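User: I keep meeting words like "buried" and "tilted" and I'd like to see how they are earned. Can you take me through some of them?

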Amino acid sequence: MKIVKNITEFYHSLINDEILLRLLYYIPKDQSDDPLDELKVNVSQLPENDRILSNLIVIGDKTEDLTPESNCRICLYTGPRLPQKNYLKSVNQYTDNPYSSTQQYIFDIYTPISTNNIDFRLDKLGEVLNEILFQKDIEEFGDLRFHSGLPLNNLPHGFVGYRWIYIMPSGQQPTGYRS
């Protein structure tokens, strides 16, 4: 199991992607206000960028501090971990494999409704997230697969949200019985 390693690498990939950070941080005034405009300062170069980053990309499902005036946010955390199934032809059924499992990694995206209404920010963030996770040069995510996506319910007032779920298989070697 490499849960901590994986979630750490996901987090670092997200906070080091300037396009994602700009989409999370810069709230548009109107349809012509482009968060990717070269005249805007890179989020990673802003004063207090550590505090800013810690509010844009959060480990865990933290939303109680979001207000309609907040920036967009991605919450990253682990979901269910389930054993993988093996088909046993002799008994014509599936059984759990005790040495292999599938871990879910959840990315919840929150966007103020006013921002989403201007430039479809929620969908833009989802596209960029997917691009980051499936870049060809990121080998450590090689076994990552898209699992599902669904709109979020019970959102903070003034927000829309979408949950992206990815899965990654993992295994462990049998240790056998010790006497």
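User: What makes Ile165 count as buried?

Analyst: Its relative accessibility is 8%. Buried means under 20% relative accessible area, with exposed over 50% and partly exposed in between (1.4 Å probe, protein chains only), so Ile165 counts as buried. Keep in mind that this is a predicted model, where local features need pLDDT of at least 70 and side-chain atom pairs count only at pLDDT 80 or more, while totals for chains, interfaces and linings use all residues. Residues are numbered from 1 along each chain as its sequence is written, and side-chain values use heavy atoms, leaving out hydrogens and water.

User: Where is Ile165, and what is it in contact with?

Analyst: Ile165 sits in strand 5. Strands (E, at least two residues) and helices (H or I, at least four) are DSSP runs, numbered from the N terminus. Contact means heavy atoms within 4.5 Å. Leaving aside neighbours within four places in sequence, Ile165 is in contact with Gln104, Tyr105, Ile106, Phe146, His147, Ser148 and Leu150.

User: Why does Leu66 count as buried?

Analyst: The same kind of check works here. Leu66 has 9% relative accessibility, set against the under 20% limit, so Leu66 counts as buried. Leu66 is in the loop between strand 1 (57-59) and strand 2 (73-88). Not counting residues up to four places away in sequence, Leu66 touches Asn71, Arg73, Tyr110, Pro156 and Phe159.

User: How do you know that Phe10 and Tyr105 form an edge-to-face pair?

Analyst: A pair of aromatic rings is described by the distance of the centres and the angle of the planes. Rings of Phe, Tyr and Trp (its six-membered ring) pair if their centres lie within 6.5 Å; planes under 30 degrees apart are stacked, over 60 edge-to-face and the rest tilted. A search of the whole structure finds 8 aromatic pairs. For Phe10 and Tyr105 the values are 5.0 Å centre to centre and 70° between the planes, which makes the pair edge-to-face. This pair links distant parts of the chain: Phe10 is in helix 1 (residues 3-15) and Tyr105 in strand 3 (residues 93-112), 95 residues apart. Both Phe10 and Tyr105 are buried.

User: And why is the pair of Phe134 and Tyr166 called tilted?

Analyst: The ring centres of Phe134 and Tyr166 are 5.8 Å apart and their planes are at 50°, so the pair is tilted. Phe134 lies in the loop between helix 5 (121-133) and strand 4 (145-151), and Tyr166 in strand 5 (residues 159-171), 32 residues apart. Phe134 counts as partly exposed at 35% relative accessibility, whereas Tyr166 is buried with a relative accessible area of 0%.

User: Why are helix 2 and helix 5 called roughly antiparallel?

Analyst: Axes are lines fitted to C-alpha atoms, for helices over the stretch in contact, and angles run from 0 to 180 degrees between N-to-C directions. Under 35 degrees is roughly parallel, over 145 roughly antiparallel, 65 to 115 roughly perpendicular and the rest oblique. The axes of helix 2 (residues 18-25) and helix 5 come within 10 Å and cross at roughly 160°. Helix 2 and helix 5 are therefore roughly antiparallel. Their contact is made by Ile19, Leu20, Arg22, Leu23 and Leu24 of helix 2 and Arg121, Lys124, Leu125, Val128 and Ile132 of helix 5.
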